[in-house]
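Let's take a friendly walk through a protein model, starting with its open spaces and ending with its rings. Have a look at the structure first.

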Amino acid sequence: MSGVDEPERNNTMMCCAACGIAGVDDIKLKKCTACYLVRYCSIKCQRDHRPQHKKECKKRAAELRDELLFKQPESSHIEDCPICCLPQSLDATKFTMTGCCCKLICNGCNYANKIREVKEKLDHKCPFCRHPKAKSEEEWDRNLMKRVDAKDPVAIRHVGGYRNQEGDYDGAVEYFTKAAALGDIVAHYELSLMYLNGHGVEKDKKKEVYHLEVAAIGGHPDARHNLGCEEEAHGRMDRAVKHWIIAAKLGNDSSMEHLKLVYREGLVSKDDFAAALRAHQAIADDTKSPQRDAAEAALQKILRR
């Protein structure tokens, strides 16, 4: 942490770090929002104390950021299937986004719903919200734009993806930025790519890494993997390995392969490697179900025709 003892820090937290006035009744002290180590009675005191406090503040702020950055997320950024409540695969071909409610429905639940509709001769509806299925791409897009108007971050980000594919990078950045502001993790990842490639914005390494970090903290395995590669490029292998371990535990195959390489080089311990390997396999197992297997078998049968 810092060179200040805990009892001394506790005392300084009760008074202004600049003028020493105690925080009593009518004197309200506010914490430094970067490090949370000291308090001030006014903006003037904070400014006056800045030269003395800057070094310790910067160090502690970095420590707090790393504590957050290297915390293992409970799950990836992809929500569980809202119908079967099982974790989704990281493979985007294993689920479908609905245009009517912007939910990610696993192939197993989609397949089961279609079988039920055929058997009972029902109209095709969304398996989640029961909205009638769109009969054309135009209708699907209209439904999506209704979700955009309702400020659904997933829908907004999806439109950003459309703009990106069309080469309208300015439009893509606009939609990704709106979705990111509403908390969409994938939008942060997409923005990191825009700043990496200079699409719709000027190339900016700091902004690229910032959006990667936000996405990684939110459980995005690819963002986490890319951060590991970024650290590797700067020779910070200890940090790179931490990122790859977290990503591998979220199911990222590329990070698992990187860990195999660095394990052979002795850069990751046997226990850490084994834990990552077990978690990586457990994530894959958790996404399986008889219903999803049946959907995959039906798809493979169609592809073989």
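A pocket is an open set of grid points where a 1.4 Å probe fits, with protein on both sides within 12 Å along at least five of seven lines. Keep in mind that the model you are looking at is predicted.

**Two pockets**

The largest pocket has a volume of about 860 Å³. It is lined by 30 residues, and those closest to its centre are His 77, Phe 95, Leu 104, Arg 157 and Val 186. Which helix gives the largest share of this lining? That is H5, with seven residues. Strand E3 (95–97), helix H5 (153–166), helix H7 (185–197) and helix H9 (221–233) each contribute at least two residues.

The second largest pocket holds about 650 Å³ of space. Its lining also counts 30 residues, and Gln 88, Ser 89, Leu 90, Ala 284 and Thr 287 are the closest to the centre. Here the elements giving two or more residues are helix H3 (107–119), helix H11 (253–264), helix H12 (270–286) and helix H13 (290–303).

The table shows how the two linings divide by residue class.

| Pocket | Nonpolar | Polar | Charged |
|---|---|---|---|
| Largest pocket | 15 residues | eight residues | seven residues |
| Second largest pocket | eight residues | 11 residues | 11 residues |

**A histidine in helix H10**

Now find His 243 in helix H10, which spans residues 237–249. Is this residue buried or exposed? His 243 counts as buried because its relative accessibility is 0%, and buried means under 20%. Leaving out residues up to four places away in sequence, His 243 touches Leu 69, Phe 70, Arg 224, Leu 227, Gly 228 and Glu 231.

Phe 70 also has a charged partner: the charged end of Lys 242 sits over the ring of Phe 70, 5.2 Å from its centre. Elsewhere, the charged end of Lys 178 sits over the ring of Tyr 175, at 5.6 Å from the ring centre.

**A pair of rings**

A pair of aromatic rings is described by the distance of the centres and the angle of the planes. The count in this model comes to one aromatic pair. Tyr 263 and Phe 273 form this stacked pair, with 4.4 Å centre to centre and 5° between the planes. Because Tyr 263 lies in helix H11 and Phe 273 in helix H12, the pair ties together parts that are 10 residues apart in sequence. Tyr 263 is partly exposed, with a relative accessible area of 33%, whereas Phe 273 is buried at 13%.

Note on methods:
Residues are numbered from 1 along each chain as its sequence is written. This is a predicted model: local features need pLDDT of at least 70, side-chain atom pairs count only at pLDDT 80 or more; totals for chains, interfaces and linings use all residues. Side-chain values use heavy atoms; hydrogens and water are left out. On a 1 Å grid over the protein atoms alone, a cavity is a set of points where a 1.4 Å probe fits but cannot get out, and a pocket is an open set with protein on both sides within 12 Å along at least five of seven lines; lining residues have an atom within 4 Å of a point. Grid points are joined across faces, edges and corners, and a volume is the space filled by probe spheres set on the points. Helices (H or I, at least four residues) and strands (E, at least two) are DSSP runs, numbered from the N terminus. Ala, Val, Leu, Ile, Met, Phe, Trp, Tyr, Cys and Pro count as nonpolar, Asp, Glu, Lys and Arg as charged, and the others, Gly among them, as polar. Buried means under 20% relative accessible area, exposed over 50%, partly exposed in between (1.4 Å probe, protein chains only). Contact means heavy atoms within 4.5 Å. Rings of Phe, Tyr and Trp (its six-membered ring) pair if their centres lie within 6.5 Å; planes under 30 degrees apart count as stacked, over 60 as edge-to-face and the rest as tilted. A charge sits over a ring if NZ of Lys or CZ of Arg is within 6 Å of the ring centre and within 35 degrees of the ring normal.
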